[in-house]
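Here are a few exercises to work through with the model open beside you. Try each task before you read its solution.

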Amino acid sequence: MRVGILGTGAMGRYYAKLFASLNPVMVGRQGGSYVLSQGQTRTIITPRFLPWEKAHPSMFDLVILVVKWPAMPIVQTFLQKADSHLLVISLMNGMGQEEALIPPLSPEQLMVGTTTDAISLFNDEETGLPQVRVMAVGRCVVPLIPHPLVPFWQQQLQELGLSDSWKFLSHAALHQERWVKLIQNSIINPLTALANVTNGELPQIPLWTLSQPLLQEARDVAQALGVALPSDLASRVLQLCQKTASNTSSMLQDTKRHRMTEIDAINGYIIHKAHTRGLQAPTHEALTYLIHAIESS
Ligand SMILES: NC(=O)c1ccc[n+]([C@@H]2O[C@H](COP(=O)([O-])OP(=O)(O)OC[C@H]3O[C@@H](n4cnc5c(N)ncnc54)[C@H](OP(=O)(O)O)[C@@H]3O)[C@@H](O)[C@H]2O)c1
């Protein structure tokens, strides 16, 4: 199976190592060597790489989409050249992948899933190379769709010993999981980015009181859309902060690096869906405004 990885950041580089036996090609703006650090193990790897303009979807059977949202226009242009053979698996955070990518793709070609893998990028002091650090190995959850390549991908996962860490769910079950992740991200990401704190520090600071209206507004939107959410969501968000206490959220990493964030696909998506149902999400709007202000400064 010819595998492409769209994105050369923390996730793209982690998956390039995880699927190294399939000899994947990373597609993005910059390739090169990096150090993959997992526990006590350090490996220097140099996966195959092509810049966007030299890659073509026909080179691949399956692509794993792991860019940040500001790269979506490049991805859309790239996938416009895809034929119906290609299978695309998105593991990006946020929502709106279907709206952004169907078309050019058909619904039968796009699997939008989530992952709880936690991967961060650092500079490797020993080598001067980028260091991709595996903070936690999680689980990928993707929808089971009727594309002919899905059984082959499941077989590849089995051969790689990854069957247990990839779960295939019905669209309905996955939709709920995606909303849970969206809401967790809509609370933890902007609040940690605004306060410049780790996930573990967040529940200790006054800004944490905003987690309650953020959760309630998002819950109202989900309910209006017919998405059933678990009743213990508030404690799940708190537990996630505690479980990932030493992690710096991806939005905080982006603001620290003066990069555009994924706020529009996270809180922005909740605001957009609220408006389509005649609802308001003022706390999400305020945070989105503040994060945009940081981005533009
Ligand atoms: N890291 C995690 O633990 C984790 C866990 C779950 C989900 N995710 C999700 O997975 C996705 C990728 O995350 P990541 O951690 O790999 O992010 P990352 O390390 O910041 O890498 C982002 C990738 O997107 C590209 N990109 C960003 N803005 C771009 C732009 N304007 N134009 C072109 N390319 C652009 C970057 O290219 P350059 O490097 O050239 O800038 C890089 O290839 C995100 O949706 C994230 O929320 C991440």
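A definition to start with: two strands count as paired if DSSP finds at least two bridges between them. Keep in mind that this is a predicted model.

**Exercise 1. Overall size**

Task: Work out why the radius of gyration of the chain agrees or disagrees with that of a compact globule.

Solution: Begin with the length, 297 residues, for which a compact globule would have a radius of gyration near 19 Å. Next, take the value for the chain, which is 19 Å, so the two agree. For the outer dimensions, the C-alpha atoms fill a box of roughly 45 × 45 × 35 Å along the principal axes. Within that box the chain has 10 helices and 13 strands.

**Exercise 2. A sheet of four strands**

Task: Find which strands stand at the edges of the open sheet with the order β4-β3-β11-β10, and say why one side of each is left without a neighbour.

Solution: Start from the order β4-β3-β11-β10, in an open sheet with mixed pairing. Its edges are β4 (41–45) and β10 (118–123); each has a single partner strand, so one side of each lacks a neighbour in the sheet. On average, neighbouring strands here are turned by 25° against each other, direction ignored.

Now look at one pair: β10 and β11 (residues 130–136) are antiparallel, with six bridges. In this pair, Asn-123 stands opposite Pro-130 in β11.

**Exercise 3. A sheet of three strands**

Task: Identify the edge strands of the open sheet of three strands, and find the residue opposite Thr-114.

Solution: The order is β9-β12-β13, again with mixed pairing. The edge strands are β9 (114–115) and β13 (166–169), each pairing on one side only. Moving inward from β9, two bridges join this strand to β12 (residues 140–143), and the two run antiparallel. Opposite Thr-114 you will find Val-141 in β12.

**Exercise 4. Two helices in contact**

Task: Describe how α9 and α10 cross, and which residues meet there.

Solution: Two packed helices are described by the angle and the distance between their axes. For α9 (residues 267–276) and α10 (residues 282–296), the axes come within 9 Å and cross at roughly 140°. That angle makes α9 oblique to α10, since only angles over 145 degrees count as roughly antiparallel. The crossing is left-handed.

For the contact itself, α9 brings Asn-267, Gly-268, Ile-270, Ile-271 and His-275, which meet His-284, Glu-285 and Thr-288 in α10. Sorted by class, this contact has two nonpolar, five polar and one charged residues.

Terms used. Residues numbered from 1 in each chain as written. Predicted model: local features only at pLDDT ≥ 70, side-chain atom pairs only at ≥ 80, totals over all residues. Heavy atoms only, no water. Axes fitted to C-alpha atoms, helices over the stretch in contact; angles between N-to-C directions. Parallel < 35°, antiparallel > 145°, perpendicular 65-115°, else oblique. Left-handed = near helix turned anticlockwise from the far one by under 90°. Contact = heavy atoms within 4.5 Å. Nonpolar A, V, L, I, M, F, W, Y, C, P; charged D, E, K, R; others polar. Rg over C-alpha atoms; globule rule 2.2 N^0.38 Å.
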